[in-house]
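Thank you all for coming. I would like to walk through one chain this morning, starting from a loop and working outward to the helices and the pocket.

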Amino acid sequence: MKESAINWDDIPDIITKDQLYQICHISKSTALYLLRSGKIPCEYTGKQTRCYKIKKEDVIAYLKDRKVFPESYSAPAGWYKGNYDLKMQEELPPVAENEMRRYYAELLAEYPDVLTTSEIAVITGYGTTSVNYWCNKNYIKHFKRNCVNHIPKIYLIDFFCSKHFRSITRKSSWHIYTLQRFSRWRQIQDLQNKNADGGVE
């Protein structure tokens with residue numbers, strides 16, 4: 001059954017973990033990771049069976065975001081016993097990329113227009129060595145001043161939206177948090193747009 005063919009009217013407002021992996025066509029292990037990590041919100045009851053209560057609306061939001069940002073829902077290295085290949089689009093859809101640029105621009109609004117690698121390391125939770133490596137590999141547009149890499153904020157946002165940054169396997173806590181928060185940010189933007197449209201006579 002394709003995701004688009006799901007009849008959500010037949011699915012209860014609250015579902016279990018078993019229903020989750022069947023609806024989303026994922027493994028039990030993946031479903032457990034998504035619930036334990038909080039990537040799909042749930043209520044843990046502590047019971048031996050049916051211990052997770054998941055809202056249908058959160059499952060719908062997960063499936064919607066997974067199509068565009070599957071890497072934000074991937075389990076960390078070692079979660080699976082076998083190999084886990086992440087299938088990801090080469091590029092973001094234009095609408096989603098524009099939204100992501102706006103999102104990161106808001107997150108970085110209070111920071112200077114040009115940042116050093118050390119400053120970026122503090123923001124992102126990745127080491128200065130990693131940030132310098134990205135510069136040396138030309139993943140990030142930058143310039144040197146006094147032997148220190150400097151990155152204009154606009155180019156940093158470009159990098160945050162790139163496939164290379166999005167597909168980092170061992171993401172920092174900040175990286176995971178921002179991806180999760182982006183999903184909620186998009187929902188708020190959609191709601192605000194709908195309310196604005198509804199207010200126009």
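**A loop, two helices and a pocket**

Let me begin with Asn146, which is found in the loop between β5 (143-145) and β6 (148-152), where helices (H or I, at least four residues) and strands (E, at least two) are DSSP runs, numbered from the N terminus. Before going further I should say that this is a predicted model, in which local features need pLDDT of at least 70 and side-chain atom pairs count only at pLDDT 80 or more, while totals for chains, interfaces and linings use all residues. Residues are numbered from 1 along each chain as its sequence is written, and side-chain values use heavy atoms, with hydrogens and water left out.

Back to the loop, then. Asn146 has a positive phi of about 55 degrees although it is not a glycine, and Cys147, which is found in the loop between β5 and β6 as well, has a phi near 65 degrees, again a positive value in a residue other than glycine. As background, most residues other than glycine have a negative phi. Asn146 is exposed, with a relative accessible area of 70%, and Cys147 counts as exposed at 75% relative accessibility; here buried means under 20% relative accessible area, exposed over 50%, and partly exposed in between, with a 1.4 Å probe and protein chains only.

From there I move to Thr116, which is found in strand β4 (residues 114-116). Thr116 is buried, with a relative accessible area of 18%, and, leaving aside its neighbours within four places in sequence, Thr116 is in contact (heavy atoms within 4.5 Å) with Val148, Asn149 and His150.

Next comes helix α5 (residues 117-124), in which Thr117, Ile120, Ala121, Ile123 and Thr124 are buried. These residues cover an arc of only 165 degrees around the axis, which puts them on the same side of α5, the arc being that of the directions from the helix axis to the C-beta atoms. The general rule is that an α-helix has 3.6 residues a turn, so residues three or four places apart point the same way. After α5 comes Gly125, whose phi is positive, near 85 degrees.

Helix α1 (residues 17-24) can be described along similar lines. Its buried residues are Leu20, Tyr21, Ile23 and Cys24, and they lie on the same side of α1, because they cover an arc of only 165 degrees around the axis. Which elements cover the buried residues of α1? The cover includes β1 (14-15), α2 (28-36), β3 (52-55) and α3. The residue that follows α1 is His25, with a positive phi near 55 degrees.

That brings me to the cysteines. Cys24 counts as buried at 1% relative accessibility, and Cys51 is buried as well, with a relative accessible area of 14%. How many disulfides does a search of the whole structure find? The search finds 0 disulfides, a disulfide being a pair of cysteine sulfur atoms within 2.5 Å. For Cys51, the closest cysteine sulfur is in Cys42, at 8.5 Å, which is too far for a bond.

Now to Trp185, which is found in helix α9 and counts as buried at 7% relative accessibility. Not counting residues up to four places away in sequence, Trp185 touches Glu99, Arg102, Tyr103 and Glu106. Trp185 and Met100 are 85 residues apart in sequence and 9.6 Å apart in space, C-alpha to C-alpha.

Helix α9 also takes part in the largest pocket, in which about 270 Å³ of space lies. Of the 16 residues that line this pocket, the closest to its centre are Lys39, Pro41, Gln180, Ser183 and Arg184. On definitions, a pocket is an open set of points, on a 1 Å grid over the protein atoms alone, where a 1.4 Å probe fits, with protein on both sides within 12 Å along at least five of seven lines, and lining residues have an atom within 4 Å of a point; grid points are joined across faces, edges and corners, and a volume is the space filled by probe spheres set on the points. Both α3 (56-68) and α9 (173-198) supply at least two residues of the lining, and the largest share, 7 residues, comes from α9.

To close with the whole chain, there are 9 helices and 6 strands, and of its 201 residues, 41% count as buried. Among contacts between residues at least 6 apart in sequence, 63% join residues at least 24 apart.
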